[in-house]
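Open the model in your viewer and keep the selection box handy. We will go stop by stop, and each stop tells you what to pick and what you will find there.

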Amino acid sequence: MASRGTAQRPNGTQGKICQFKLVLLGESAVGKSSLVLRFVKGQFHEYQESTIGAAFLTQTVCLEETTVKFEIWDTAGQERYHSLAPMYYRGAQAAIVVYDITNQDTFTRATTWVKELQRQASPSIVIALAGNKADLGNKRVVEYEEAQAYAEENGLLFMETSAKTAMNVNDIFLAIAKKLPKNEQTGNAGTSGQGRRLVESEGQKPTSGNCCK
Amino acid sequence: MNEEELLKRSAAERDRIFSCYDRGREGAEIDPWEDPAYEVYHTTDRYGFIHDKRLPQKMDQNEIKTQFVEMERLKKWHKMTKNWETVATTEKLRRRIYKGIPDRFRGQVWVLLLGIHKLKSENIGKYEEMLRLARQWSTEIRQIDADVARQYRDHINYRERYSLKQRSMFYVLAAYSMYNMEVGYCQGMSVLAGLLLLYMDEEEAFWGLSVLLTDKKYSMHGFYVDGFPKLNRYMEHHDKIMQRFLPKLKKRLDKCGCDSILYALKWFFVVFQERTPVSLGLRIWDIFLLDGDRVLPAIAYTIMKLHKRQLLTMDSLDEFCNYLQIKLEKDFGYDDDHVISAVERSMEELKRAKLEYPGPPLPHELPKQPIGTFKEPTFTSKVGRRADEFSEAQQVMRESLIQRRQTALIEDEGSEEHEDSATPTELSAASNRRMLGANNCVGVNSHGGSKFLFEAGDGGSSLSPQGSRRSLADTSVTSTADLSVFSSATRSQPLDNSLDTQSNASVASSSGSAGLQTPRAGSHQPSPDVVRIYVPYGGGPGYKDGLPRTLPRSLDTNKIRIKVQDPDQTPVVENLKPFALDSPEYELDIK
């Protein structure tokens, strides 16, 4: 977990807090809920029960100058639940599209999710592609380079992750946090990519994060 | 790959998965992570569920009492099950089931309640036939495999990969995917099959599943079929109950963006499994199997009612979700008898209000084809390719959800004024009047006219000629969200986490001066789906203290009327300036 927050602020200093809505999308059983569980609670369940409908969790990460609070929507993967997905990615500033590196079809499915987000979600949404189950390297089907090339073409953040070993899990959220716009003096304020900027009051510390403690 | 190769590949995959289950554990290649190691300190409870912690050596008083009572009842149950035909309709049976079926009779009684014997004897060979068809044709095998592998893995019978019961669960779901091809397999059904299999054998569970889906008493077909038509109806009904009996709580939930779909979808789809403790979940199933889907609204209402006090102390979506989705399963806080009695009282209460039953299934919630009709799957579904477009049923679901959210938000505002007087019907009528995307939304009538007419009370607005018809529905939601942000100064957490608002762009300013500014056109890339409408209310000091304060009770001065008259020319209104929350008066309390 060393890669978590980059800044340790001493107690009592004022910092900026931004809240962002993030949605996880991807084929069933690629590990969406497991990624969230690892990120939010630092846990891993070998048999994560299937998500029926959706789940909601929050987690906070610290950047150098800001604290980013993610409001995370974890969705059901089966196609039949697809009709509910727009409810969750509406207004989201970030999305993680997850596939399973041991299953080519889940990668194909991830690319269609990316397309749908590009078409339907907020234009400034930050999208990350996560090739999960990276611990199962001996069963790999989707090559790293293939996914990376695709991500580059489409301007996506990309990492291979493992919810099981925690590899890159915090990192991908942190990378998203860094990429999200946090200042409003850019002149195009009010865009839907903007997170809310709130001010952390004195003495109040984010308690859920693994940082700032 | 060409079509033939794709088909071959899918068939090979299906055969491979089938053979894994056929073979069972013998000689199977099982990854270490797929199979749990037994840890000595794991202990199994009386229902077969394994806990991480060693269970207490001694039973507490309550457990001793429960077991004693159950022992006393066994004789009665023995007699009753022997003479089922004569007792089946009596009030005695009902009373006893509400007291709880003793666990060792549960299987027998569930089979009787579901009428499985009759079905089984009338359909000899059918189950095997469906299983054979599934081996050749089922397009759902991959999803079923993924779900069987993680369903009830904390139960001793499902703990080992490819164990007997896991295999049964797989076969039952595979066979059912052919027996009812309209539903096939939908996530959630593994819970039903898994639970039935704890109390009956494979073929009985197959027929049990079939009764749950297509018998009118349960009609779960309508939950699981494409577009989830029954879910809509049940959620609307639940919202009505909340509005009528728990308006304060409903308002709080709405304010935090906690749409009932977040918790009630799973409640209804799997009848409170995995959301309530095991023993209570079984008691709920006892009464569900006796009385059918009419108990669902009463149980949902009871849960909210019993936990109203705790829920009202919460003010974030995070807390609500954690409480309803996780905490209640771990510790419900009331003993099972108390809960079931409360459910009975709720039923009476709902009956008096004529809200006890959302009504019989509607035609589109029922199977269209006679059940058991085989139709060769399409090429697309054979190779597991997904549809590019939403089906009509999915479209309906999607849009009605948006409308529900909208209604909730407007009720939230409306309730500032008419906390107790307004009925849900009036409020949703009000919301419909204000719906901008009338002709896009289900069940809302519109003129379908020619031009987008925008009148704002006293707020500025700007129109740009972009946009599409599709954006209209979104428009209404956004503007509603924005209005509600402005009409509630006590809210320290904006609405971003609510399901479908895009309020991130409309951060309410806490400073009075900024709050009165009219947003102007800006340079950001306009989203074709977003319309921002800023509606200031007159006057208002700068809010510096963060205390609750009086707001204009009526939105009269802020009325917006937008008429859609020309579908081809739909101007988009953009809110261009942010309401920066950067002044230090707003505090964020991060939990």
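## Stop 1: two arginines of chain B

Select Arg167(B) to begin: leaving out residues up to four places away in sequence, it touches Tyr21(B), Asp22(B), Arg23(B), Gly24(B) and Tyr162(B), where contact means heavy atoms within 4.5 Å. Before going on, note that this is a predicted model, in which local features need pLDDT of at least 70 and side-chain atom pairs count only at pLDDT 80 or more, while totals for chains, interfaces and linings use all residues. Residues are numbered from 1 along each chain as its sequence is written, chains are lettered from A and ligands numbered from 1 in the order in which they are written, and side-chain values use heavy atoms, with hydrogens and water left out.

Arg167(B) belongs to helix H9 (residues 164–179) of chain B; helices (H or I, at least four residues) and strands (E, at least two) are DSSP runs, numbered from the N terminus. Draw a distance from its C-alpha atom to that of Val148(B), 19 residues apart along the chain, and you should read 8.5 Å.

Now pick Arg94(B), in helix H4 (residues 91–99) of chain B. How exposed is Arg94(B)? At 26% relative accessibility, Arg94(B) counts as partly exposed; buried means under 20% relative accessible area, exposed over 50%, and partly exposed in between (1.4 Å probe, protein chains only). Outside its neighbours within four places in sequence, Arg94(B) contacts Leu290(B) and Asp291(B). Its C-alpha atom is 35 Å from that of Ile144(B), 50 residues apart along the chain.

## Stop 2: charges over rings

Show side chains for Arg161(B) and Tyr162(B). Arg161(B) lies over the face of Tyr162(B), 4.3 Å from the ring centre. The rule here is that NZ of Lys or CZ of Arg is within 6 Å of the ring centre and within 35 degrees of the ring normal. Then move to Arg244(B), whose charged end sits over the ring of Phe245(B), 5.8 Å from its centre.

## Stop 3: aromatic pairs

Over all chains, the whole structure holds 36 aromatic pairs. Select Phe107(A) and Tyr150(A): their ring centres are 5.8 Å apart and their planes at 80°, so this pair is edge-to-face. Rings of Phe, Tyr and Trp (its six-membered ring) pair if their centres lie within 6.5 Å; planes under 30 degrees apart count as stacked, over 60 as edge-to-face and the rest as tilted. The pair links distant parts of the chain, with Phe107(A) in helix H3 (residues 104–120) and Tyr150(A) in helix H4 (residues 144–153) of chain A, 43 residues apart. Both Phe107(A) and Tyr150(A) are buried.

Next, select Phe223(B) and Phe269(B). With centres 5.5 Å apart and planes at 35°, this pair is tilted. Phe223(B) lies in helix H12 (residues 221–224) and Phe269(B) in helix H15 (residues 261–269) of chain B, so the pair ties together parts 46 residues apart in sequence. Phe223(B) is buried at 0% relative accessibility, and Phe269(B) is buried at 0% as well. Add Tyr81(A), Tyr224(B), Phe228(B), Tyr234(B) and Phe268(B) to the selection: ring pairs link these with Phe223(B) and Phe269(B) into a cluster.

## Stop 4: strands of chain A

Colour strand E3 (residues 66–75) of chain A, where ten of its ten residues are buried. In a regular strand the side chains alternate between the two faces of the sheet. In E3(A), Phe70(A) and Ile72(A) are among those pointing one way, while Glu71(A) and Trp73(A) are among those pointing the other way.

Which strands flank your selection? Strand E1 (residues 16–26) of chain A runs parallel to E3(A), joined by nine bridges; two strands pair if DSSP finds at least two bridges between them. Leu24(A) has Asp74(A) as its bridge partner in E3(A). E2(A) pairs with E3(A) in the antiparallel sense over nine bridges, and a hairpin joins the two through three residues. Look for Thr60(A) opposite Lys69(A) in E3(A).

## Stop 5: between the chains

Finish at Ser50(A), in the loop between helix H1 (32–41) and strand E2 (54–62) of chain A. Buried or exposed? Ser50(A) counts as buried, at 5% relative accessibility. Across in chain B, Ser50(A) touches Asp147(B), Arg150(B), Gln187(B) and Lys266(B).
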